[in-house]
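Below is a short note for a colleague who has not seen this structure before. The points are numbered and can be read in order.

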Amino acid sequence: MTSSIAKGKAPANNNAYELPWVEKYRPQVLDDIVGNEETIERLKVIAKDGNCPHIVISGMPGIGKTTSIHCLAHQLLGDAYKEGVLELNASDERGIDVVRNKIKSFAQKKVTLPHGRHKIIILDEADSMTAGAQQALRRTMEVYSNTTRFCLACNMANKIIEPIQSRCAILRYAKLRDTEILKRLLEICEFEKVKYNDDGLTALIFTSEGDMRQAINNLQSTWSGFGFISSENVFKVCDQPHPVVIQSILQACQKSDIDTAMDKIQELWDQGYSAIDIVVTIFRVVKASDKMPEYTKLEFIKEIGWTHMRVLEGVGTFVQLGGLMARLCKVGMKPELFQIQ
Ligand SMILES: Nc1ncnc2c1ncn2[C@@H]1O[C@H](COP(=O)(O)OP(=O)(O)OP(=O)(O)O)[C@@H](O)[C@H]1O
Ligand SMILES: [Mg+2]
């Protein structure tokens, strides 16, 4: 299937080149959204049949929740989108009063829609609505359900009160897989004539952690800053320690070579990386490593986890990182060598 990018639909207006790429390449139809196939299939069926239930879409940032809801609403309502949709997001006032007045009066409003379609109220970032405002929605959702349907998007489904959850179909979006992000990045690279090498794309995927928005933003920043997508450039733009350096630190730790490990970590520290950046990258490199023996990996992850917790509690000092290095080096040591006779 050719996407809207390939068909040249995405840069629809003349100012398109001024838009950030995340907006320029925001999918316009459900078919263009990558990943979460099963859930998107369900939405496509709803878009075709027209009987949209109340839905809640939850998941991490930048994986297509807002986009899916907009595509669904456009496909359901077509030209009637403008009259038939009320969108409120976290930037709008959404207290109890708004639910009582604005949402209720929109639900009561009469508009002409295509046959069998309903008005749609989109509540984006619904987890930031107060519990009181959500309570006020309960009855409104039921009373006007013959004419109006609610679509909610949120990062944390548990911040949506139970009674609303029970009125909605809950769709959970997973983080996007590497291949899915790669597919979209390649399409954009081709369309924007971006020069890249494979390491560069791998670095973009590594730094984005399943967040498509981050991947596309980093692609654009690297391209406009350096004019070439290589792993060095990507890590400079993302301001994260290079995994190759982290890899060499881990190799030193595996050999219990504390001096080398400390020298290298000192180097990173002097370059200005924060403790949290370093610890998180160490974790991700260990997790992705397929060369490390299973036992070592388990012990390393355990120690990194403890350090992560302490750094988050506020102790992000160099000594903390030194302590981590020491404990990682100890994993490979034989305790019997250190027993005092
Ligand atoms: N699954 C996807 N397929 C294609 N593009 C995507 C996808 N997910 C995100 N994007 C890109 O990322 C941008 C942001 O997506 P979107 O606004 O839907 O994120 P979100 O899930 O609502 O995130 P948040 O929780 O931060 O609101 C889109 O403009 C689009 O360019
Ligand atoms: Mg969103």
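How many helices and how many strands are there in the protein chain?

1. Overall make-up. The protein chain holds 16 helices and five strands; here helices (H or I, at least four residues) and strands (E, at least two) are DSSP runs, numbered from the N terminus. This is a predicted model, in which local features need pLDDT of at least 70 and side-chain atom pairs count only at pLDDT 80 or more, while totals for chains, interfaces and linings use all residues. Residues are numbered from 1 along each chain as its sequence is written, chains are lettered from A and ligands numbered from 1 in the order in which they are written, and side-chain values use heavy atoms, with hydrogens and water left out.

2. Extent and burial. The C-alpha trace of the protein chain spans about 85 × 45 × 30 Å along its principal axes. The chain has 341 residues, and 48% of them count as buried. Buried means under 20% relative accessible area, exposed over 50%, and partly exposed in between (1.4 Å probe, protein chains only).

3. Annotated region. An unreviewed UniProt entry lists residues 51-186 as "domain: AAA+ ATPase". UniProt positions are given in the numbering used here, feature names are shortened, and annotations may be inferred rather than shown by experiment. Over residues 51-186, helix makes up 43% of the chain and strand 18%. The C-alpha atoms at the two ends of this stretch are 35 Å apart.

4. Strand β3. Strand β3 covers residues 119-123, and because five of its five residues are buried, β3 is largely enclosed by the rest of the structure. K119, I121 and L123 point one way from β3, whereas I120 and I122 point the other way. In a regular strand the side chains alternate between the two faces of the sheet.

5. Neighbours of β3. Two strands pair if DSSP finds at least two bridges between them. Strand β2 (residues 85-88) runs parallel to β3 and is joined to β3 by four bridges, with L88 standing opposite L123. Strand β4 (residues 148-154) also pairs with β3 in the parallel sense, over five bridges. Across this pairing, I121 stands opposite F150, and L123 has L152 as its bridge partner.

6. Connections. Helix α5 (residues 96-108) forms a right-handed β-α-β unit with β2 and β3. Helix α6 (residues 131-143) does so with β3 and β4. A crossover is right-handed if, with the strands pointing away from the viewer, the path from the first strand over the helix to the second runs clockwise.

7. Strand β4. Is β4 largely enclosed by the rest of the structure, and why? Seven of the seven residues of β4 are buried, so β4 is largely enclosed. T148, F150, L152 and C154 point one way from the strand, and R149, C151 and A153 point the other way. Strand β1 (residues 55-58) runs parallel to β4, and four bridges join β1 to β4. S58 of β1 stands opposite C154.

8. Ligand 1. Which residues are closest to ligand 1? Of the 20 residues that surround ligand 1, the closest are V22, V34, K65, T66 and T67; a residue is near a molecule or strand if one of its heavy atoms lies within 4 Å of it. A polar contact is a pair of N or O atoms within 3.5 Å; within protein, one must be able to donate a hydrogen and the other to accept it, and residues adjacent in sequence count only if both atoms are side-chain atoms. A polar backbone atom of V22 is 2.6 Å from an oxygen atom of ligand 1. A polar side-chain atom of K65 also lies 2.6 Å from an oxygen atom of the ligand. For N155, an N or O atom in the side chain is 2.9 Å from an oxygen atom of ligand 1. On its own, ligand 1 has 630 Å² of accessible area, and the protein covers 95% of that area. Accessible areas come from the Shrake-Rupley method with a 1.4 Å probe; for residues, only the protein chains shown count as cover.

9. Loop residue R26. R26 sits in the loop between α1 (21-24) and α2 (37-49). With a relative accessible area of 26%, R26 is partly exposed. R26 and C71 are 45 residues apart in sequence, and their C-alpha atoms are 9.9 Å apart in space.

10. Positive phi values. D239, in the loop between α11 (231-238) and α12 (243-254), has a phi near 55 degrees, a positive value in a residue other than glycine. S256 is not a glycine and has a positive phi of about 55 degrees. S256 is found in the loop between α12 and α13 (258-270), and counts as buried at 19% relative accessibility.
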